[in-house]
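Morning, everyone. I have one structure to walk through today. Please have a look at it while I talk.

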Amino acid sequence: MTRVPMSTSFEAGTLAGVGSFRCESCEFAVSLNERDEMPPCPSCGGLTFRRSPLFKEPTVSPAPRADLDASEWLDEAREGLVRAGDYLAFEDDDRIRVMPLGRGWTRIGRSLSAQLRLDDPTVSRRHAFVCCDEDGAKVLDDRSLNGVFRNGRHVELAELKDGDTISIGRFALHFVHLAGDREGAGATAG
């Protein structure tokens, strides 16, 4: 078995192997499995990475992906909702997805067992949970490698309010709370 020294750099796109890597530009952590390719850095777009200890905290907090037109599509998605409840809205491969959140725990991760599956190497298999109950909604980091961020701040457990942005890997999930049913709101949209 060949060991890779900690100081060795890897370029995006090369077969890197199992482990934890950090972007040399911004310190964003990426976890890879045996046959994953090294992606460009989700935070800064950097292409050079180094092996990283599993439990090292990043020195720079990764910024959530800033989509300039997110407010436009988010307003449209919000207008299309007709049932009261909690939702997560996000972009995935140039598609807008809105997922209703039921009572209890919703698992988010790369695993096939996740209710919200985000298939990307920046997302841990078991990355986070969102819990919705009579007291409101909360997000919980499930010991993920890259962490969970609410409105740009790293959190382990945090309450969610309408309009909050949860950053998980390269994904920006927008929490939407609709207080009451809207009659016919979806029917008039063309």
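I'll go from the overall picture to the sheet, then to charged pairs and cysteines.

Keep in mind that this is a predicted model.

Start with the whole chain. The protein chain has 190 residues, and 43% of them are buried. Its secondary structure comes to 1 helix and 15 strands. Now the contacts. Take those between residues at least 6 apart in sequence: 48% of them join residues at least 24 apart. The accessible surface is about 10700 Å². Carbon and sulfur atoms account for 49% of that area.

Next, the sheet. There is an open sheet of 6 strands, paired antiparallel. Read across, the order is β6-β5-β15-β14-β11-β12. Which strands stand at the edges? They are β6, residues 95–101, and β12, residues 153–155. Each has a single partner strand, so one side of each has no neighbour in the sheet. On average, neighbouring strands are turned by 30 degrees against each other, ignoring direction.

Look at the β6 end. Strand β5 covers residues 85–92, and 7 bridges join it to β6. The two run antiparallel. For a landmark, find Y87: it stands opposite P100 in β6.

Now add the helix. α1 packs on this sheet and touches β5, β6 and β15. β15 spans 171–178, and the direction of α1 makes about 35 degrees with that of β15.

On to charges. Side chains of opposite charge can pair when their charged atoms come close. How many salt bridges does the model hold? The count is 7.

One of them is D162 with R78, where the closest N and O atoms are 2.9 Å apart. This pair links distant parts of the chain, 84 residues apart. R78 sits in helix α1, residues 70–80. D162 sits in the loop between β13, residues 157–160, and β14, residues 165–168. Are these two buried or exposed? Both are partly exposed: D162 has a relative accessible area of 40%, and R78 has 22%.

Another pair is R117 and D119, at 3.8 Å from N to O. The cut-off for a salt bridge is 4 Å, so this pair counts. R117 is partly exposed at 33% relative accessible area. D119 counts as exposed, at 54%.

Then D133 and K138, with N to O at 3.9 Å. That is also within 4 Å, so the pair is in. D133 is partly exposed, with a relative accessible area of 22%. K138 is partly exposed too, at 25%. Besides these pairs, there is a network: D92, R97, D120 and R170 are joined by salt bridges that share partners.

Last topic, cysteines. A disulfide is a covalent bond between the sulfur atoms of two cysteines. How many does a search of the whole structure find? The search finds 0. Why does C131 not bond to C132? The sulfur of C131 is 6.6 Å from that of C132, its closest cysteine sulfur, and that is too far for a bond. The cut-off is 2.5 Å, so the pair fails the test. From the other side, the closest cysteine sulfur to C132 is the one in C131. Both cysteines are buried: C131 has a relative accessible area of 9%, and C132 has 3%.

That's the tour. Over to you for questions.

Methods:
Residues are numbered from 1 along each chain as its sequence is written. This is a predicted model: local features need pLDDT of at least 70, side-chain atom pairs count only at pLDDT 80 or more; totals for chains, interfaces and linings use all residues. Side-chain values use heavy atoms; hydrogens and water are left out. Helices (H or I, at least four residues) and strands (E, at least two) are DSSP runs, numbered from the N terminus. Buried means under 20% relative accessible area, exposed over 50%, partly exposed in between (1.4 Å probe, protein chains only). Contact means heavy atoms within 4.5 Å. Accessible areas come from the Shrake-Rupley method with a 1.4 Å probe; for residues, only the protein chains shown count as cover. A salt bridge is a side-chain nitrogen of Lys or Arg within 4 Å of a carboxyl oxygen of Asp or Glu. Two strands pair if DSSP finds at least two bridges between them. Axes are lines fitted to C-alpha atoms, for helices over the stretch in contact, and angles run from 0 to 180 degrees between N-to-C directions.
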